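Student: I'd like to go through this one with you, piece by piece. Can we do it as questions and answers?

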Amino acid sequence: MKPWTIYGISKRITESFKKTEQPVERISIFKKSLHVFPIDVSNDNSLNFEISALASPQYNIHRFGIFFTDSPRHADILLVLGKVSEKMIEPLKETVNQMPEPFGVVIIEDEDDVGISAKDLGLKNVVGYFNKKLDAENILSVLLNIMEG
Amino acid sequence: MLSLAIGLFLIGAFLGFFNRKLSYFVAFLASLLSFVIGFNAEFNGIVYKKIFPVIFSISSGLFVDKLGGLFLMIASVSWIAVSVFSMDFGENYRKRMAIFVNLAMLGMLLILAAFDGVMFLIGWEIMTIASYLLVVEHDGAYKEAFQFLAFSEISTMSLILAFVFLYSSINSLRIVEVHSQSVLFLVFASLAFIIKMGIVPFHTWLKEAHSKAPSNVSALLSAPVTLMGVYGLTRVIYITGYTHSWGILAIIFGSVSAFWGAMEAAAAKGLKVLPAYSTVENNGMILAALGLSALAYSFSKESTLYEFAFMTAIILSITHTIAKTLLFLSIGEAKEKLHEESIDNVRGIHKSVGKIPAFGVVISGLSFSAFPTLLGYVAEWMLLESIFQSYQFQSILDRVVSSTGGVFLSLAMGFASFSMIKLIGYSALGYHHEKKAKPMPSLFMHLSEIFLMGLIIGISFFATIVFVKLGYAKFVIGALGVPNGWLIASAKPVFGVISPAFFVLVVLTLFFVPFVIYLNKRKRTKKVVSWNGGLALNDDEYFTANAFSFIVEYILRFVYRTKEVRRDKEAFVVISDVFESVYAFLVKVVEITSYNISKFIMNGKIYFYLLYILVIFVGIFVLFGRV
């Protein structure tokens, strides 16, 4: 990874950053920048806050070349937030269907009992699966891992 | 042979009382026989003649010469297709439809084989009334059918007047092998045929009747019936000779009609309204070609332009008849199986109905939008070439008229392509929305569609042979590496050339490799429905045909009278044909006047009626009371 923003700030935050221990399947197809489409399939809103924090100046994920998109059709990674409620099963499947190939799916579930575990849905191209609440730092590290391959 | 064909049509009409399929089969046999008659008359020089005296010096009868044979051949192709198609399609309608289909074809046969005005009028009326009864076959189409009948009867009356003037001019009613300079005959006969062709401003009936009628009837009405108008006009030209002012008027009416028809077709929303307007457009082109022919003839007989323009009209007629029949038949099959009326609702014919009707729509639509290697391409190229050659004209009036007409015709071609893309894209192709077609026997339907498709491609490929056979061998040359006899030239000193057959060969060889690459690459493309937040799309949430043409409707809102109508919390964009409002205004005026007059005269007061009796009594005494 080549940080390309202002030297001092970017370097400090980047270097102090710890990668997650969980191994991620090697994907080398996403070259340079990574486009992420987050979809909220009924989490308790905390994950949404973490996601919005990622775009804030504190984390500023754009400097890594990671961007959020408005449509799964432009995305490389689909970020599934929360356990799937019944009504969101079909939209989630349709969203996965709309992703351009190749694509990856990262599932982050919170610890609530509400909803169905996404494992049971049999989504394809799952590159990461977390069944605990992640904070913004963890999510960023996951995305960076995927980006590096 | 001719009487055998007429007899077969009558037998077919009679059989319609008992068995539909048999009746249509007899119609098919009779159409086949008509084709043979036309072929013999056109190419083998056989003249069918059967004439018997009626009263005084008037003798009526049948007569098929070269011109009648040519049109008989063109029309019978359409009859064959329609009668074969109806063997399956007619099962959904009442038995009497078979009778009227037979009678309508019989009427057209009589028109094309008429020796004199009486026989012509008999055929004209049989055709008109049978067509009227056929339009009524569709439930709730009384208003449209009556409108059709009203315009047809205006046409008939105008024709009767024309024959009266013909009789006063040459003291005979025969229409073949005679010459007359009667201007009134020319005017009234042209008016009659122009109404039948659906030329603007007499086109409103055509849209209504064609969109309401059963599809095989629409094909019949749109292709051979309007062809009768073309035949009438060419016959009039044969009788009166080429007239300069007639040519100018024909170009004006024809080009305006072509433009108007194409423009309205571009904005049409009904599945059969669009082809109906396309009929207006094509007939306008034919009329303009005939007018250009007349103009060129009066300008110079040395120039071959008048022959080429006439040939253009013939080729345009062939194109229109075959392709429009195919379009209405293919669309009719889909419409009947899906029970839908609008372009949007029949999307994905290739999936829900079948490959053959979808391919029929594509082929005929491409032909109308002048796609290279199809018959319409040859026809429209010829039309443009004819217009380009009008630089030869010396007089300013001729130049202005022909070039302005050319502008309108070119615009019409552009609009026609637009409307046909809309029709093809939103009916034959596209998502099919899991629509289930009604099961229906469709072997004969598909047979007739394949037959017409083969003709469109085949006649285009062998267009040069058609030229030679029709007696215009001088337009067929060889140059630019194309062997002799495969190149069509538009003038005697070569002006423009085209070779449909070699175009096909070159395209096939040049584009073979890219096509293979395309086929290989195509598999890697992922196709998904429109993104709607992950929700499934409803039928009406797709990009609709209305949306496709809305930009045109908005830009030309001054012409279309585009309006937004709000009703029940929903908004629609509606357009209107200006001529329709003119007719509506006329109808209103007539209704109000007749109501007021009748209220004044028949007011239910007894002393008024006594007064009438008194007035008439006095009047009779005054007039006849002389002793």
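Tutor: Sure, what follows is a set of questions and answers on a predicted model.

Student: Let's start with the sheet in chain A. In what order do the 5 strands of the open sheet come?
Tutor: The pairing in this sheet is parallel. Neighbouring strands are turned by 20° against each other on average, leaving direction aside. Reading across the open sheet of chain A, the order is β2-β1-β3-β4-β5.

Student: Which strands of chain A stand at the edges?
Tutor: Look for strands with a single partner, because one side of such a strand is left without a neighbour in the sheet. In chain A that description fits β2 (66-68) and β5 (126-130).

Student: Now β1 and β3 of chain A. Which residue in β3(A) stands opposite P38(A)?
Tutor: Strand β1 (residues 34-40) and strand β3 (residues 77-81) of chain A pair in the parallel sense, over 5 bridges. The residue of β3(A) opposite P38(A) is L79(A).

Student: What angle does helix α3 of chain A make with the direction of β3(A)?
Tutor: Two helices are worth putting side by side here. Helix α2 (residues 46-54) of chain A packs on the sheet, touching β1, β2, β3 and β4 (104-108), and its direction makes about 140° with that of β3(A). Helix α3 (residues 89-98) of chain A also packs on the sheet, touching β1 and β3. For α3(A), the angle with β3(A) is about 165°.

Student: Where is P102(A), the residue that follows the cis peptide bond from E101(A)?
Tutor: Omega of the bond from E101(A) to P102(A) is near 0°, and the bond is cis. As for its place in chain A, P102(A) is in the loop between α3 and β4.

Student: Is N60(A) buried, exposed or partly exposed?
Tutor: N60(A) sits in the loop between α2 and β2 of chain A, and its phi is positive, near 50°, in a residue other than glycine. Its relative accessible area is 27%, and values from 20% to 50% fall in the middle class. So N60(A) is partly exposed.

Student: On to chain B. Are α6(B) and α8(B) roughly parallel, roughly perpendicular, roughly antiparallel or oblique?
Tutor: The axes of helix α6 (residues 142-170) and helix α8 (residues 204-212) of chain B come within 8 Å and cross at roughly 140°. An angle has to be over 145 degrees to count as roughly antiparallel, so this pair is oblique.

Student: Which residues of α6(B) make that contact with α8(B)?
Tutor: The crossing is left-handed. On the α8(B) side the contact is made by T204(B), W205(B), E208(B), A209(B) and K212(B). By class, the contact has 4 nonpolar, 2 polar and 3 charged residues. From α6(B) come E144(B), Q147(B), F148(B) and F151(B).

Student: How many nonpolar residues are in the contact of α11(B) with α12(B)?
Tutor: Helix α11 (residues 273-299) and helix α12 (residues 305-338) of chain B have axes that come within 7 Å and cross at roughly 170°. That makes α11(B) roughly antiparallel to α12(B). The contact also holds 8 polar residues and 1 charged, and the nonpolar count is 18.

Student: Is S257(B) buried or exposed?
Tutor: S257(B) lies in helix α10 (residues 244-267) of chain B. Beyond its neighbours within four places in sequence, S257(B) is in contact with residues including G198(B), V200(B), V280(B) and G284(B). Its relative accessible area is 0%, and under 20% is the cut-off, so S257(B) is buried.

Student: V200(B) also precedes a proline. What is omega for the bond that joins V200(B) and P201(B)?
Tutor: P201(B) is in the loop between α7 (183-197) and α8 of chain B. The bond that joins V200(B) and P201(B) is cis, with omega about 10°.

Student: Last one: which residue takes a positive phi in the hairpin of β6(B) and β7(B)?
Tutor: Strand β6 (residues 563-567) and strand β7 (residues 570-574) of chain B pair in the antiparallel sense over 5 bridges. K563(B) has V574(B) as its bridge partner in β7(B). The hairpin has 2 residues between the strands, and the one with a positive phi, near 50°, is D568(B).

Technical notes. Residues are numbered from 1 along each chain as its sequence is written. Chains are lettered from A and ligands numbered from 1 in the order in which they are written. This is a predicted model: local features need pLDDT of at least 70, side-chain atom pairs count only at pLDDT 80 or more; totals for chains, interfaces and linings use all residues. Side-chain values use heavy atoms; hydrogens and water are left out. Two strands pair if DSSP finds at least two bridges between them. Helices (H or I, at least four residues) and strands (E, at least two) are DSSP runs, numbered from the N terminus. Axes are lines fitted to C-alpha atoms, for helices over the stretch in contact, and angles run from 0 to 180 degrees between N-to-C directions. Contact means heavy atoms within 4.5 Å. Angles under 35 degrees count as roughly parallel, over 145 as roughly antiparallel, 65 to 115 as roughly perpendicular and the rest as oblique. A crossing is left-handed if the near helix is turned anticlockwise from the far one by less than a right angle, and right-handed if clockwise. Ala, Val, Leu, Ile, Met, Phe, Trp, Tyr, Cys and Pro count as nonpolar, Asp, Glu, Lys and Arg as charged, and the others, Gly among them, as polar. Buried means under 20% relative accessible area, exposed over 50%, partly exposed in between (1.4 Å probe, protein chains only).
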